[in-house]
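I opened this page to keep track of what I looked up, chain by chain and contact by contact. The entries are in the order in which I worked.

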Amino acid sequence: MVKRSGAYGGILHEVVEHNGVLYLAGVVAEDPKMDVAAQMRDITRQIDEVLAANGSSKDHLLTALIFITDMKQKPAMNEVWKAWLAPKHLPTRATIGVADLDGYMLEVVVTAAKP
Amino acid sequence: MVKRSGAYGGILHEVVEHNGVLYLAGVVAEDPKMDVAAQMRDITRQIDEVLAANGSSKDHLLTALIFITDMKQKPAMNEVWKAWLAPKHLPTRATIGVADLDGYMLEVVVTAAKP
Amino acid sequence: MVKRSGAYGGILHEVVEHNGVLYLAGVVAEDPKMDVAAQMRDITRQIDEVLAANGSSKDHLLTALIFITDMKQKPAMNEVWKAWLAPKHLPTRATIGVADLDGYMLEVVVTAAKP
């Protein structure tokens, strides 16, 4: 069974659930003019909301792909990340420096278990 | 059980099936000189073929990662995407602007459920 | 059930296991000054170790995302890849040319089945 929620723009669903895994679409901040820490805080807030709406939470994250347009901002992004997640519940992660995120500094793609 | 099909170049399988999920290799167009819409149409045609050959279809897509070398081409790519997929069956998605796809403008990595 | 191992820097776990799938964090070489072949050999050695420590092996790889900062180095990277993996057990794969891997030439993100 596949369950989809959060249809957006005729392009994607924010969440697709299958076999106990929640797959989330890439999340960007609400405002691309925010600094990188504010963008990450806004992204983590959105992920919390989406996971809560789908019966999970940040303690059940499995994986994260973080795309960033300026690798020098990684330490500032990491501070927000570390403040957000409990050490025992950290997912796997890769941080990839990319050319263009349509004006944003960060885009985060996560998966989570549905407990 | 893991089922692999579509061996390519001693480098990858086009599809790996495990626990009801089909993981597809990155798909590029047959000809890198096509414009972005034609590349996307060719990619979606290939995905349709691979999914059909493995007992699934585009209505069962779970996730998509779209890598694009020129973010200004995203709207043209999106038109093909929207014409391809039914709104109720859209997967999650992230579109990432990257430096180099070995000559191509697009590469698409999807997963799908096997119903 | 989610099982996490290899906590690193308060930022990630090296492996998260869920529903028979091992998700690995992005792996880079120990020394960014190595040439691309040496970086890939070091990455594959680390993946072998992590999979062995978690009850799996390279014969059970499902997917690979390879991020590379210089696509011209792809053939040299591929030679190491092909020497590493048995043709019958190749995963799916996508190789994406990206702007910045924090000084490294390669970063590899894989998943594997736990047999």
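The entries below go from the conventions to the relation between chains, then to the interfaces and the helix packing.

**Conventions.** I noted that this is a predicted model, in which local features need pLDDT of at least 70 and side-chain atom pairs count only at pLDDT 80 or more, while totals for chains, interfaces and linings use all residues. Residues are numbered from 1 along each chain as its sequence is written, and chains are lettered from A, and ligands numbered from 1, in the order in which they are written.

**Relation of chains C and A.** I looked up how chain C is placed on chain A, and found that a turn of 120° with a shift of 0.0 Å along the axis does it, at an RMSD of 0.0 Å (the superposition is by least squares on the C-alpha atoms of residues with pLDDT of at least 70 in both copies). That is the relation of a three-fold axis. I then asked which surfaces the copies use to meet. Only 12% of the interface residues of chain C are also interface residues in chain A, so the copies meet through different surfaces.

**Chain C against chain A.** Here 24 residues from chain C and 21 residues from chain A make the contact, where two residues count as in contact if their C-beta atoms, placed from the backbone, lie within 7 Å. On the chain C side, two or more residues come from each of β1 (2–8), β2 (12–18), β3 (21–24) and β6 (106–113), and β2(C) gives the most, with six residues. Helices and strands are DSSP runs numbered from the N terminus, helices being H or I over at least four residues and strands E over at least two. By class, I recorded 14 nonpolar, five polar and five charged residues on this side of chain C; Ala, Val, Leu, Ile, Met, Phe, Trp, Tyr, Cys and Pro count as nonpolar, Asp, Glu, Lys and Arg as charged, and the others, Gly among them, as polar.

**Chain B against chain A.** I found 21 residues of chain B in contact with 23 residues of chain A. On the chain B side, β4 (61–68), α2 and β5 (92–97) each supply at least two residues, with β5(B) giving the most, at five residues. This side of chain B divides into eleven nonpolar, seven polar and three charged residues.

**Helix packing in chain C.** I looked up helix α1 (residues 36–53) and helix α2 (residues 74–84) of chain C, whose axes come within 8 Å and cross at roughly 30°; the axes are lines fitted to C-alpha atoms over the stretch in contact, and angles run from 0 to 180 degrees between N-to-C directions. α1(C) and α2(C) are therefore roughly parallel to each other, the term for angles under 35 degrees (over 145 is roughly antiparallel, 65 to 115 roughly perpendicular and the rest oblique). On the α1(C) side, C:V36, C:A37, C:M40, C:R41 and C:T44 meet residues of α2(C) that include C:W81 and C:W84. By class, the contact of α1(C) with α2(C) has eight nonpolar, one polar and two charged residues.

**One residue of α2(C).** C:P75 lies in helix α2 of chain C, and I asked whether C:P75 is buried or exposed. With 9 C-beta neighbours inside 10 Å, C:P75 counts as exposed (12 or fewer is exposed, 20 or more buried, and in between partly exposed, with C-beta atoms placed from the backbone). The C-alpha atoms of C:P75 and C:A37 are separated by 9.4 Å, although the two residues are 38 residues apart along the chain.
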